[in-house]
Amino acid sequence: MVTNKIAAGFSKLTKEEKLKLVSRNVRKPEEFIMEMKSFWHKEKQKIFDDISENTISNYWLPFGIAPNFLINNNIYHVPMVIEESSVVAAASGSAKFWFSRGGFNSRVISTKKTGKVHFIWEGKFNNLIRYMDKLKPAFREKTRHITRNMEKRGGGITDFEFVDMTHEIDNYYQLNVSFETVDSMGANFINSCLEEIALVLRDFFCSCQDFELPERNCSIIMAILSNYTPDCLVESWVECEIGQFNKMDKNLTAHDFIWKFENAVQIANADPSRGATHNKGIFNGIDAVAIATGNDFRAIEANGHTYACMNGKYKSLTEFKFDKDIFRYSLKIPLVMGTVGGLTSLHPLARRSLELLGNPDARKLMQIAASVGLANNFSAVKSLVTKGIQFGHMKMHLLNILNYHQVSENERQTAIEHFKTHKISFNSVSEYINRLRS
Ligand code: MEV
């Protein structure tokens with residue numbers, strides 16, 4: 001039910017009051033309130049209430065494990081939080097396949113993050129860059145109170161650069177600031193620094209005696225980090241010799257399999273509509289690790305998809321190579337992940353996830369997440385070019401369909417047995433359950 005009543009002062013209400021107010025919009029308010037409350041946490045509700053705003057309950061998602069990921073010769077049982085069935089199974093299957101074939105290799109290529117002050121200034125770019133040497137110490141001085149702790153941990157501001165954007169918008173310039181944020185994702189750190197730096201810039205233009213009007217006017221439009229970090233990059237890859245694919249599918253030789261696999265990757269490069277789905281399969285794995293470890297999966301997605309079209313066309317994030325009978329499959333992706341600060345230390349299960357991974361630093365977590373992303377994509381492409389995706393997916397989805405029909409334990413077991421040899425679809429399962437019941 002929708003309502004046409006405004007809920008004035010909603011944020012000031014208690015949680016109980018909020019629940020009561022919104023429950024007026026549903027058919028059975030008491031039942032609604034009871035169900036919502038049944039998901040409140042007995043001891044730790046305050047933590048969840050403080051993470052976001054206007055909370056009325058908690059939204060549970062399954063927390064699964066993809067075991068036995070061999071990454072750079074270490075074994076990880078990787079925590080994954082995701083709502084989609086068969087993603088954890090796909091990651092686990094891939095981990096198992098590659099375990100006996102050398103596992104996943106991974107390396108962090110770079111860890112630079114950036115943010116920008118966007119401003120409008122009626123002057124010449126050459127005049128602007130002349131002042132960088134004068135401005136830099138002021139930028140550093142005014143951000144000292146923020147950067148001090150980060151510097152102790154080995155990070156801080158690493159560079160400043162003016163960028164001429166007047167070819168895009170009249171009088172539009174950027175101050176591009178680079179950061180190293182070590183083990184934190186660093187969003188708050190970067191944004192706080194940028195806002196201080198923007199003030200220094202604005203004041204400098206107003207007071208600089210070298211400038212006349214209109215050069216004295218600088219309009220700061222905004223100061224914000226960039227979620228596109230092409231220089232915060234990780235690469236994971238797997239490789240093995242062709243004979244390893246002999247038994248991949250009973251209808252395909254190893255060469256046929258590799259030929260189809262290569263074509264699948266080329267198609268993802270040729271056609272963005274397939275590229276998007278191909279890359280979505282990568283994010284199935286990466287997002288699930290990001291959520292489990294309290295990382296910002298929206299930032300991760302924005303970053304990856306922007307990188308996927310950096311050359312003007314949306315492409316696959318993975319790369320296929322086949323040389324001298326060696327299959328090599330790799331994923332190169334910008335990934336910003338943190339293992340300290342933010343939700344990683346607030347959410348009790350994010351802390352537990354990191355503990356399960358041996359409390360990795362941010363670089364290690366980047367390597368783990370990228371490897372899981374590659375694993376999920378490998379599984380997906382492998383299924384697509386052999387049995388098709390629905391075979392495995394619907395097997396996993398069967399339990400969801402059975403739950404939808406609120407089956408008894410007896411019905412569940414009978415149906416699972418039946419669908420070992422029958423095609424699963426929502427309709428076929430529904431019809432089967434109806435038949436069982438009648
Ligand atoms: C489903 O969540 C992901 C896939 O569609 C990925 C792909 O098609 O490569 C299976």
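Let's start with some sorting: Ala, Val, Leu, Ile, Met, Phe, Trp, Tyr, Cys and Pro count as nonpolar, Asp, Glu, Lys and Arg count as charged, and the others, Gly among them, count as polar. Keep that in mind as we look around this structure, which is a predicted model.

**The largest pocket**

The largest pocket holds about 1,500 Å³ of space. Its lining is made up of 42 residues, and I51, I291, G294, L343 and H347 are the ones nearest its centre. Sort that lining and you get 23 nonpolar, 15 polar and four charged residues. Which helices help to build the wall? At least two residues each come from α3 (45–51), α7 (187–207), α9, α10 (297–308), α11 (343–346) and α12 (348–356).

**The second largest pocket**

Next up is the second largest pocket, with a volume of about 690 Å³. Here 30 residues form the lining, with S86, A90, S379, S383 and I389 nearest the centre. Two or more lining residues come from each of α4 (87–99), α9, α13 and α14 (389–404). The largest share belongs to α13, which gives eight residues. In terms of character, the lining splits into nine nonpolar, 15 polar and six charged residues.

**The ligand and its neighbours**

So where does the ligand sit? You'll find the ligand in the second largest pocket. Around it are E84, R274, T277, H278, K280, G281, N284, A380, L384 and I389. Using the sorting from the start, this shell contains three nonpolar, four polar and three charged residues.

Two helices, α9 (272–292) and α13 (362–385), each bring at least two residues to the shell. The largest share, six residues, is from α9.

Now zoom in on the oxygen atoms of the ligand. The table lists side chains that have an N or O atom paired with a ligand oxygen.

| Side chain | Distance from its N or O atom to a ligand oxygen atom |
|---|---|
| E84 | 2.6 Å |
| K280 | 2.6 Å |
| N284 | 2.9 Å |

How much of the ligand does the protein bury? Taken alone, the ligand exposes 300 Å², and 83% of that is buried by the protein.

**Putting it together**

If you want to trace this on the structure, try following α9. This helix gives six residues to the shell around the ligand, and α9 also supplies at least two residues of the lining of the largest pocket. Then look for I389: this residue is one of those around the ligand, and I389 is also among the residues nearest the centre of the second largest pocket.

Key:
Residues numbered from 1 in each chain as written. Predicted model: local features only at pLDDT ≥ 70, side-chain atom pairs only at ≥ 80, totals over all residues. Heavy atoms only, no water. Near = heavy atom within 4 Å. Polar contact = N/O pair within 3.5 Å; in protein donor to acceptor, adjacent residues only side chain to side chain. Areas by Shrake-Rupley, 256 points an atom, 1.4 Å probe, with all protein chains shown as cover. 1 Å grid on protein atoms, 1.4 Å probe; cavity = no way out; pocket = protein on both sides within 12 Å on 5 of 7 lines; lining within 4 Å. Sits in = over half its atoms within 2 Å of the grid points. Helix = DSSP H or I, 4+ residues; strand = E, 2+ residues; numbered from the N terminus. Points joined across faces, edges and corners; volume = space filled by probe spheres on them.
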